[in-house]
Amino acid sequence: MPLSIEEIRNTYNRYRKMYDDRDQRMNQVLQVRQGKMRDVYPDLFPDGPFENPIVANMVDIAARDLAEVIAPLPSFSCTSTSMVSDTARKKADKRGEIVNGIIDFSDMQSQMFTAADRYVSYGFVPAQVEVDIDEKMPRIKFLDSLGSYPVIDRYGRVIMFFQRMQKPTEELMARYPEIAHLIYDKNTASSMSEIVRYHDKDQDVIFMPNRNNLVLDRAPNLMGEVMIRVVQRPSLDDQSRGQFDDVLAIQVAKARYALLALEAATKSVQAPIAMPQDANELALGPDAIMRSSKPNEIRRVPLDLPANVFAQSQVLESELRLGSRFPDARTGNVDASIITGQGVKALMGGFDTQIKTAHSMFARAFTELLALALKVDEKIFANEEKELIGIYNGTPYNIKYKPARDIAGDYTVDVQYGLMRSEEHTSELQ
């Protein structure tokens, strides 16, 4: 039996409370990457001219660099359980062309840059196979990690999925004019409204928890199974943890140290001028002349700073790179004495293992998502005659196919990440 809206709301509240700590970590990572460090640690950045960070945001730099290395797509192909005949090989090649057509149709390469970024920053990224009725094609879409609550059973399967979003109230009223009077709340008159999307094997529901569980949209799940998969970063416990959860304080401390150093330099330059008593005029500007019998006493009041203050900034920089697993070699800071193939390889070893791990997680997700997409194509658009144009194994292709005939219940997909990933992943849904 499909859950009622009251049951959905109660389950949503329970899981949102359960993931409250995770949500706080994710919001802090987002604010630091946006440069809003003062919002995370307000006591460290008091009001005044020295309240905004002036150092490179190493968390944002490392996240973008990792995402750009992870993002390139692997190769996708299909095999058959019986590849002994030319007919079987041709069928497998045609399914491979269909798979690559779905990848191109979904614009997966463009999506991967953001998806990889969310995987690194938040520790997980959800993806969904959607049914595009207009184009009569399955579409794979990566979703935002922030505000997502996947419910996963003990076998790692997603059984429910919630996604919390903020949408402009006027946009919702225009989209649902028949209930616009219920969407608008004159007591709050907020320009943004919270909506929650719920998905399971039975139904998709969009409702507004702050409007007495007002249902905006409701539709049955045509596939009868959950169409969500989650790419999750390996963790010691069941909590999703991003790459930078533990180094935010170091980045903020580094930014604060830089501001203090700038403040000290400013005060040193603008320090008051000490003059002997016989000097009765203060001349300012270039080539200024001041008369005194003791000219050596005319000076600015010195501002003495301990030498280790500036050394601490280097310690923070080192800790930040170590905690974020971002090597100096990625920014060109390499000691000339080790610029050899083996030396750079050793420096980049930790970085490469992160890429291989991420590729392994995405490869598994891709096999399942593409198998689902093939299943959607066969079940929803079984007898539709379709045409796909693209490139497969470096060769352009233009095929016409019918899902019921050319997929025929075989949803096996091979994913291989080339030199970075030596073994293949396969998935088969029955």
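These questions and replies concern salt bridges, burial and confidence in a predicted model.

Me: What makes Asp132 and Arg139 a salt bridge?
Reply: Their closest N and O atoms are 2.6 Å apart. The cut-off is within 4 Å, so the pair qualifies as a salt bridge.

Me: Why is Asp132 called buried?
Reply: Asp132 has a relative accessibility of 14%. Buried means under 20%, so Asp132 counts as buried.

Me: Why is Arg139, its partner, called partly exposed?
Reply: The relative accessible area of Arg139 is 25%. Buried requires under 20% and exposed over 50%, so Arg139 falls in between.

Me: What makes Lys201 and Asp202 a salt bridge, and why are they called partly exposed?
Reply: The N to O distance is 3.3 Å, and the limit is within 4 Å, so the contact between these side chains is a salt bridge. Lys201 has 46% relative accessibility and Asp202 has 26%. Partly exposed lies between 20% and 50%, so both residues fit.

Me: How do you know whether Asp406 and Arg405 are buried or partly exposed?
Reply: Asp406 has a relative accessible area of 14%, under the 20% cut-off, and is therefore buried. Arg405 has 47%, which is not over 50%, so Arg405 is partly exposed. The two form a salt bridge with N and O atoms 3.1 Å apart at the closest. Elsewhere, Arg16, Arg22, Asp23, Arg164 and Glu194 are joined into one network by salt bridges that share partners.

Me: How confident is the predictor in the chain?
Reply: The average pLDDT is 83, and 84% of the residues score at least 70. Over residues 341–350 pLDDT stays under 50, as it does over residues 419–430.

Methods
Residues are numbered from 1 along each chain as its sequence is written. This is a predicted model: local features need pLDDT of at least 70, side-chain atom pairs count only at pLDDT 80 or more; totals for chains, interfaces and linings use all residues. Side-chain values use heavy atoms; hydrogens and water are left out. pLDDT is the predictor's confidence in each residue, from 0 to 100. Contact means heavy atoms within 4.5 Å. Buried means under 20% relative accessible area, exposed over 50%, partly exposed in between (1.4 Å probe, protein chains only).
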